[in-house]
Amino acid sequence: MKIAIIHDWLTGMRGGEVVLDSLLKAFPDADLFTLFYSKGKLNPRIEDRRIFTAFTDKLPFKEKYYRYYLPLFPTAIESFDLKGYDVILSSSHCVAKGIIPHPDTLHISYIHSPMRYVWDMYYDYFPNKSGFKFFLLQSIANYLRTWDVASSSRVDHFVCNSHFVGRRVRKYYRRDYKLIYPPCLTQDFRVNDYSKEDYYLMVSAFAPYKRIDLAIEAFRENGRPLVLVGGGQDEKKISKSLPKNVIWKKGLPRPEVIELYKKAKGFIFPGMEDFGITPVEAQAYGVPVVAYAKGGALETVQEGKTGVFFKEQTVTSLNEAILKLERSNFKRRDFQSSIDRFTEEKFVTEIRKLVDRHK
């Protein structure tokens with residue numbers, strides 16, 4: 001079979017790119033299509049693939065401001081000529097699922113989420129509700145919602161990374177879905193007992209819905225050490241008023257991040273995520289998770305066994321959960337049982353079975 005894999009953009013290694021990496025492992029001869037490609041920011045398996053980009057990749061200032069070209073994304077993704085491919089696999093959190101397939105081509109879309117910033121999380125991204133900017137953003141969002149629903153009919157089978165995302169697919173697209181959890185770890189990964197130090201850890205992109213602001217304010221109040229790893233669009237805003245007990249580490253190589261995981265007392269996960277790979281990674285190193293009780297965390301974290309939940313996104317609720325975690329005992333076997341659900345081997349096997357079944 002001739003296979004094409006479509007991914008929204010290739011600008012760094014995050015959760016979506018981890019999934020893409022495993023898709024490329026499952027289908028090593030597939031061609032890769034994307035809107036933007038920043039060479040040198042992906043792992044070798046992705047960068048060694050033949051990569052085709054849309055006209056958007058030639059736009060000015062794309063490295064820093066590619067998100068500002070969002071209104072052009074539907075046109076750009078539809079510009080790919082995918083004639084001659086037997087199977088199309090789209091890895092989509094924005095517009096990748098909106099490609100135009102040939103009538104005889106099987107299109108399976110692995111949905112990380114319908115576009116959060118035009119659906120249920122619109123006001124998390126764009127809180128202003130008046131003025132010309134509000135009118136302009138509303139007009140763009142309305143266009144994108146219409147296109148998003150219309151283009152969902154081009155998908156033969158939806159695959160979701162969590163039931164939480166699956167409920168969005170049913171709500172907005174009126175389509176059924178299959179659940180395949182994303183690949184977080186290898187099948188032979190074993191949880192070990194590591195010597196813990198007196199700090200909490202948060203590993204995250206700096207985006208509004210991640211609620212890094214909530215974590216900072218909670219630790220400003222409780223005075224405990226928090227190590228914050230990451231960067232992104234909100235880093236200037238976030239870094240302006242960090243208390244002394246919150247240490248920000250930007251651009252750490254992966255081995256150093258793993259060392260921080262191993263020694264952390266607990267992991268903070270205050271946002272509502274579609275799935276969230278970082279809580280799974282924390283559990284893999286025997287680190288209990290303090291998570292907001294909504295979204296994908298309800299599927300990855302097991303209350304009382306691998307972490308605790310807080311029900312309101314407030315400083316008080318988060319700090320009460322931290323106290324609860326400190327009074328709890330967690331067992332290595334529970335962490336192992338939890339992470340065994342999220343292996344790359346399971347993901348690759350399930351994706352291959354799905355393609356074979358329908359082609």
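**View 1. Strand 12 and its two partner strands in the predicted model.** In this predicted model, strand 12 (residues 289-292) is joined to strand 13 (residues 307-310) by 4 bridges, and the two strands run parallel. Within this pairing, Tyr292 stands opposite Phe310 of strand 13. Strand 12 also pairs in the parallel sense with strand 11 (residues 266-269), here over 3 bridges, and Phe267 is found opposite Val289 of strand 12. The connection between these two strands passes through helix 11 (residues 277-284), so that the chain leaves strand 11, crosses the helix and enters strand 12 in a β-α-β crossover that is right-handed. In a regular strand, side chains alternate between the two faces of the sheet. Both faces of strand 12 are covered, with Val289 and Ala291 buried on one side and Val290 and Tyr292 buried on the other.

**View 2. The open sheet of 7 strands.** The strands of this open sheet are arranged in the order 3-2-1-4-5-6-7, and their pairing is parallel. Strand 3 (51-53) and strand 7 are placed at the edges with a single partner strand each, and therefore one side of each has no neighbour in the sheet.

**View 3. Strands 5, 6 and 7 with helix 7.** Strand 5 (residues 106-111) and strand 6 (residues 157-160) run parallel and are joined by 4 bridges. Two of the residue pairs can be followed along this contact: Tyr110 has Val159 of strand 6 as its bridge partner, while Ile111 stands opposite Cys160 in strand 6. On to strand 7 (residues 178-179), strand 6 is joined by 2 bridges, again with the strands running parallel, and here Val159 stands opposite Lys178. Val159 thus appears in both pairings, as the bridge partner of Tyr110 and as the residue opposite Lys178 in strand 7. Together with helix 7 (residues 163-173), strand 6 and strand 7 make up a β-α-β unit that is right-handed.

**View 4. His7 and its side-chain contacts.** His7 is located in strand 1 (residues 3-7). Its relative accessible area is 0%, and because buried means under 20%, His7 counts as buried. Two polar contacts involve the side chain of His7: one of 2.7 Å with the side chain of Glu17, and one of 3.0 Å with the side chain of Ser91.

**View 5. The largest cavity.** A search of the whole structure finds 1 cavity of 30 Å³ or more, and the volume of the largest cavity is about 30 Å³. Its lining consists of Leu23, Leu89, Ser90, Ser91, Ile108, Tyr110 and Ile351, among them Ser91, whose side chain is also in polar contact with that of His7, and Tyr110, the bridge partner of Val159. Strand 4 (87-92) and strand 5 each supply at least two residues of this lining, and strand 4 gives the most, with 3 residues. By class, the lining of the largest cavity has 5 nonpolar and 2 polar residues, and no charged ones.

**View 6. Ser38 in a loop.** Ser38 lies in the loop that runs between strand 2 (31-34) and helix 2 (44-47). With a relative accessibility of 5%, Ser38 falls under the 20% limit and therefore counts as buried. The side chain of Ser38 makes a polar contact of 2.9 Å with the side chain of Glu63.

**View 7. The second largest pocket and helix 8.** The second largest pocket encloses about 290 Å³ of space. Of the 15 residues that line this pocket, Pro208, Asp213, Asp234, Lys237 and Ile238 lie nearest its centre. Helix 8 (212-222) and helix 9 (235-239) each supply at least two residues of the lining, and helix 8 gives the most, with 5 residues. By class, the lining of the second largest pocket has 7 nonpolar, 1 polar and 7 charged residues. In helix 8 itself, the buried residues include Ile212, Leu214, Ala215, Ile216, Ala218, Phe219 and Asn222. Just after helix 8, Gly223 takes a positive phi of about 75°.

Methods: Residues are numbered from 1 along each chain as its sequence is written. This is a predicted model: local features need pLDDT of at least 70, side-chain atom pairs count only at pLDDT 80 or more; totals for chains, interfaces and linings use all residues. Side-chain values use heavy atoms; hydrogens and water are left out. Two strands pair if DSSP finds at least two bridges between them. On a 1 Å grid over the protein atoms alone, a cavity is a set of points where a 1.4 Å probe fits but cannot get out, and a pocket is an open set with protein on both sides within 12 Å along at least five of seven lines; lining residues have an atom within 4 Å of a point. Grid points are joined across faces, edges and corners, and a volume is the space filled by probe spheres set on the points. Ala, Val, Leu, Ile, Met, Phe, Trp, Tyr, Cys and Pro count as nonpolar, Asp, Glu, Lys and Arg as charged, and the others, Gly among them, as polar. Buried means under 20% relative accessible area, exposed over 50%, partly exposed in between (1.4 Å probe, protein chains only). A polar contact is a pair of N or O atoms within 3.5 Å; within protein, one must be able to donate a hydrogen and the other to accept it, and residues adjacent in sequence count only if both atoms are side-chain atoms.
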